[in-house]
Amino acid sequence: MGSDDGIFKWTDANTADLIVWRVSNNSLFTGKRNAAIKAFELYVKEKQLVGKVTPAWVRKKWENLKQKYKDLKSLSMVGGSTSTATWKWYAIMDGALSSEIPLNHHFITPIQVSSSAQDAPPIKQRKEEDWLTALQEMERRQEERERQTTEREDERDRRAAVREEDRDRRAAEREAERDRRAVEREEVRERQALEREERREREMFARQERWEKEMLVREERQERDYREREERREREAAAREERLFKLLETFMANK
């Protein structure tokens, strides 16, 4: 497609113009041999596209639009595709091919008629202007549906983000609570370990004190027993000496 220098580029405006022209000039497409190619030759001349696109290329462009519409239409009828809501030309092609676009219907939105349409005969120009008006209104409705779809998706994304943030917040709170409880349990274990250690130390000191007291009592008792034995031996020794002196005195007296 395009001229020899490759500057021309087919745009959405060209596509919209092609759809309007094709429906407005439906009478040229009689089904006879070469009728379609001759009609598209007229289109190329009317739209001043000679040297930019060929009638065969325009015909192929139209057939591709029509085929894609039919494919999506068939899928939508069995609920197998959602592409009808996203393909920008579906609503326009649906109106064009099903002849549901009302003619001579007035819309508030102003339209811009191409120069080729302004140069067309009055009846044909009015017919094309009606199609352009209807096409613009359908585009506006399509854009409104897309805007509403985008808003709904944005709202779903926003709510999903809020739910995700809420889940993250609750998860962070649960994690913080688990950490806090873990710290508390660790503090309790450390406190209990310290208490057990202190209790063992107190018990050890108490046993040590009892042992020292028992040793002191035992030593005092042993010392007392030793003194008592010594005193008894001394008394017994003194008694023996006294008896011995008495015997000696008695012996000396009898002599």
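These are my notes on how helix α1 packs against its neighbours in this structure, which is a predicted model.

**Entry 1: α1 against α2**

I started with helix α1, residues 12-24, and helix α2, residues 35-46. I found them packed at an angle of about 130 degrees, and their axes are 12 Å apart. Angles of 65 to 115 degrees count as roughly perpendicular and those over 145 as roughly antiparallel, so α1 and α2 go down as oblique to each other. I noted the handedness too: α1 passes α2 in a right-handed crossing.

Next I looked up who touches whom. On the α1 side I have N14, D17, L18, W21 and R22, and they meet A39, F40, L42, Y43 and E46 of α2. Sorted by class, this contact has six nonpolar, one polar and three charged residues.

**Entry 2: the rings**

How many aromatic pairs does the structure hold? I get six. I picked W21 and Y43 for a closer look: their ring centres are 5.1 Å apart and the planes sit at 65 degrees, so I file the pair as edge-to-face, the cut-off being over 60. W21 belongs to helix α1 and Y43 to helix α2, so this pair ties together parts that are 22 residues apart in sequence.

Are these two residues buried or exposed? W21 comes out at 0% relative accessibility, so I call W21 buried. Y43 has a relative accessible area of 1% and is buried as well. I also followed the ring pairs outwards, and they link W21, F29, F40 and Y43 into a cluster. F40 had already turned up in my list for the α1 contact with α2.

**Entry 3: α1 against α3**

Then I moved on to helix α3, residues 55-77. Its axis and that of α1 come within 11 Å and cross at roughly 85 degrees. That falls in the 65 to 115 window, so I have α1 and α3 as roughly perpendicular to each other.

Which residues make this contact? From α1 I listed T15, L18, I19 and R22, and from α3 V58, K61, W62 and L65. By class they divide into five nonpolar, one polar and two charged. Checking back, I see L18 and R22 in the contact with α2 and again in the contact with α3.

**Entry 4: A16**

Last, I checked A16, which also has its place in helix α1. Its relative accessible area is 8%, and the limit for buried is under 20%, so A16 counts as buried. I then looked at A16 and M93: they are 77 residues apart in sequence, yet C-alpha to C-alpha I get 9.7 Å in space.

Notes. Residues numbered from 1 in each chain as written. Predicted model: local features only at pLDDT ≥ 70, side-chain atom pairs only at ≥ 80, totals over all residues. Heavy atoms only, no water. Axes fitted to C-alpha atoms, helices over the stretch in contact; angles between N-to-C directions. Helix = DSSP H or I, 4+ residues; strand = E, 2+ residues; numbered from the N terminus. Parallel < 35°, antiparallel > 145°, perpendicular 65-115°, else oblique. Left-handed = near helix turned anticlockwise from the far one by under 90°. Contact = heavy atoms within 4.5 Å. Nonpolar A, V, L, I, M, F, W, Y, C, P; charged D, E, K, R; others polar. Phe/Tyr/Trp six-rings, centres within 6.5 Å; stacked < 30°, edge-to-face > 60°. Buried < 20%, exposed > 50% of the residue type's maximum accessible area, 1.4 Å probe, protein only.
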